[in-house]
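Subject: Structure handover

Hello,

Here is the structure we talked about. Please open it alongside this email; my notes follow below.

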Amino acid sequence: MTAEALNAVEHALATVRQKLEKALKQVGRAADSATLVAVSKNFDAEAVRPALRAGQRIFGENRVQEAATKWPVLRAAFPNVELHLIGPLQSNKAEDAVKLFDAIETLDRPKLAHVLADLRDKGAALPQLYVQVNTGDEEQKAGIAVKELPDFLKLCVELKLDIVGLMCIPPVDDHPAPHFALLERLAQRHGIEKLSMGMSADYDVAVGYGATHVRVGSAIFGNRYTA
Ligand SMILES: *Cc1c(COP(=O)(O)O)cnc(C)c1O
């Protein structure tokens, strides 16, 4: 990356933080009541450094393997990094994911819940767990179906998995607000505290529906497909 591009990341990060604070203020929420998860997927360690230098410490990655190659070196250089897994997790990668991530936002099926509980029973410390909900009931999309959520949360209780939050990715062609509203209702109904929702295009909307975590990638790092 050129020096110019590094400055661009720093500048974009500041702009996103300002916009987030303003959106929170507009709905009467405290400026620090939503956490910015900077989504660094598809960008290499060098591209992520300026965000770390600017004080950002919470990052989202969507692939276990990519995170495993990128983050150990960055973590050695910057203290207190918190990593969130925001992409689908295959059961056979769960052990690596548990070691690498501080939060897994994409717990979305019974098999994975069993695998995580097994790892815990064998001594692993589990990251914070969020259940991903398929709020649009899209066939191809990850996430537990809305109507299956109550039973799935019951299973998590039986397995003694502590679910701290819900996460959703609204269908690309829908207005996101009804999906955010649905996720907020589901969290309230089940007494779940955290809500991970809102991306570059709509994180300001999501805070109006109680988002505690917004996952913002391209608005900070630029277009990942031309980087
Ligand atoms: C890539 C990704 C994001 C960030 O998307 P942007 O539109 O670049 O902000 C957020 N959440 C998930 C689950 C993602 O995969």
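**The largest pocket and its ligand**

Sorted by class, the residues lining the largest pocket are twelve nonpolar, seven polar and six charged. The lining has 25 residues. K41, I169, M199, R215 and R224 lie nearest the centre of this pocket. Its volume is about 520 Å³. Please keep in mind that this is a predicted model.

What takes up the space of the largest pocket? The ligand does.

The residues around the ligand are these:

- V39, K41 and I86
- M167, I169, M199 and S200
- R215, V216, G217, S218 and R224

By class, this shell holds six nonpolar, three polar and three charged residues.

Three polar contacts to the ligand are worth a look on screen:

| Residue | Protein side | Ligand atom | Distance |
|---|---|---|---|
| S200 | polar side-chain atom | oxygen | 2.5 Å |
| R215 | side-chain N or O atom | nitrogen | 2.8 Å |
| G217 | backbone N or O atom | oxygen | 2.8 Å |

How much of the ligand's accessible area does the protein cover? On its own, the ligand has 390 Å² of accessible area, and the protein covers 88% of that.

R215 turns up twice here. This residue lies among those nearest the pocket centre, and its side chain has an N or O atom 2.8 Å from a ligand nitrogen.

**The second largest pocket**

This one holds about 150 Å³ of space. Its lining is R17, L20, E21, A31, D32, A34, T35, L36, Q56 and I58. Five of these residues are nonpolar, two are polar and three are charged.

Which elements supply at least two lining residues each? They are α1 (3–26) and β1 (35–39). α1 gives the most, with three residues.

**Two backbone angles to check**

Most residues other than glycine have a negative phi. Two residues here have a positive one.

- D137 is not a glycine, yet its phi is about 45 degrees. D137 sits in the loop between β5 (128–134) and β6 (144–145).
- K160, also a residue other than glycine, has a positive phi near 55 degrees. K160 is in the loop between α6 (149–158) and β7 (163–167).

Over to you.

Best wishes

Note on methods: Residues numbered from 1 in each chain as written. Predicted model: local features only at pLDDT ≥ 70, side-chain atom pairs only at ≥ 80, totals over all residues. Heavy atoms only, no water. Near = heavy atom within 4 Å. Polar contact = N/O pair within 3.5 Å; in protein donor to acceptor, adjacent residues only side chain to side chain. Areas by Shrake-Rupley, 256 points an atom, 1.4 Å probe, with all protein chains shown as cover. 1 Å grid on protein atoms, 1.4 Å probe; cavity = no way out; pocket = protein on both sides within 12 Å on 5 of 7 lines; lining within 4 Å. Sits in = over half its atoms within 2 Å of the grid points. Nonpolar A, V, L, I, M, F, W, Y, C, P; charged D, E, K, R; others polar. Points joined across faces, edges and corners; volume = space filled by probe spheres on them. Helix = DSSP H or I, 4+ residues; strand = E, 2+ residues; numbered from the N terminus.
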